[in-house]
Amino acid sequence: MNGTTALSPWLPTAPCTPGHCAAHPESAPRRSGAEADPAGSVRAVVRLIAGLGTVLLGLLLAPPAGLLPTATRLTLVRYWMRAVVRAFGVHVRYEGTPAPAGGPLLVVANHVSWLDIPLIAAVLPGRTVAKSEVRRWPVLGTLAALGGTLFIDREGIMALPGTVRTMAGVLAGGGRVVVFPEGSTWCGREGGRFRPAAFQAALDAGCAVQPVRLDYRPTDAAAYVGADPLGSSLWRVVSTRRLTAVVRLREPLPGALYPDRRALAAAAQRAMASDSANLPSLSVHQRSRSRSASASSARTPA
């Protein structure tokens, strides 16, 4: 999702960088309630403690929850994830209807932030596909591992077919898999092309694909791109007033209607982006910081 290691030419990349896509409190104090007054700092600290505490509480309860029936466990995951996002101070609005529970489903979404994962899990919990580096994240890495995350090695292109087979196996068994086909986080004002590999799993398993669109306002506060440290992103989230996430659930696409994975990926991306013209206008800060892909020299590995 973000990092500055040597790039392999096949890896999906994004032109988004922290300096141009994310507002840091130290460089944009008026964007952060925490920097504007002492009460803002206290509020941010309380949110940070509450958010991390809610995550840790869930981790402690995960082993006994694993003994519960699947439907009950998934319901608890949904409530837990909603509590986590709310504890971090994020306001959420869901639009659309999730596919019925109890059947296989490939969930695909655009990728802006680490917040994308709990936001989707709060309505469509499933096994998320993530880069192997996530496993080493403090607290959140443990959370991902306990949640059954399918970790992939971004540098190992030869491992990709095996990952697709694993995804197909989960789907064929009636499970749900969540993947971000852009392969990298983007700032939210632009997005990458949906890579088709993951869609082969849906075709092999004979299941539907549900596109999801994620939008944040202000976008720069939520964006987690480039070499942005996780700690900086967490602080930016908790110190931003009225950070709002909108999760739009599109109609599921029957995989059987598409001849191959590329056609299915293109259809999912069109569905995900179908209302881009109706999104709220960018803030002055966002407009002043946007740059074209060609103007950015730093690139983000998938």
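**Helix H3 and its two partners**

Select residues 38-65, helix H3, together with residues 230-238, helix H10: the two pack at an angle of about 120°, and their axes are 8 Å apart. The model is a predicted one. At this angle, H3 and H10 count as oblique to each other, because the roughly perpendicular range ends at 115 degrees and the roughly antiparallel one begins over 145. The crossing of H3 past H10 is right-handed.

Next, show the side chains where these helices touch. On H3, pick Ser41, Ala44, Val45, Arg47 and Leu48; on H10, pick Leu234, Trp235, Val237 and Val238, which they meet. Coloured by class, the contact of H3 with H10 has seven nonpolar residues, one polar and one charged.

Now hide H10, keep H3 and add helix H4, residues 70-87. The axes of H3 and H4 lie 8 Å apart, and the packing angle is about 165°. H3 is therefore roughly antiparallel to H4, as angles over 145 degrees are counted that way. Here the crossing is left-handed.

For the H3 side of this contact, select Arg47, Ala50, Gly51, Thr54, Val55, Gly58, Leu59 and Ala65. Their counterparts in H4 are Arg73, Trp80, Ala83, Val84 and Ala87. By class, the contact of H3 with H4 divides into eight nonpolar residues, three polar and two charged.

To finish, centre on Arg47 with all three helices shown. Arg47 is among the H3 residues that meet H10, and Arg47 is also among those that meet H4.

Key
Residues are numbered from 1 along each chain as its sequence is written. This is a predicted model: local features need pLDDT of at least 70, side-chain atom pairs count only at pLDDT 80 or more; totals for chains, interfaces and linings use all residues. Side-chain values use heavy atoms; hydrogens and water are left out. Axes are lines fitted to C-alpha atoms, for helices over the stretch in contact, and angles run from 0 to 180 degrees between N-to-C directions. Helices (H or I, at least four residues) and strands (E, at least two) are DSSP runs, numbered from the N terminus. Angles under 35 degrees count as roughly parallel, over 145 as roughly antiparallel, 65 to 115 as roughly perpendicular and the rest as oblique. A crossing is left-handed if the near helix is turned anticlockwise from the far one by less than a right angle, and right-handed if clockwise. Contact means heavy atoms within 4.5 Å. Ala, Val, Leu, Ile, Met, Phe, Trp, Tyr, Cys and Pro count as nonpolar, Asp, Glu, Lys and Arg as charged, and the others, Gly among them, as polar.
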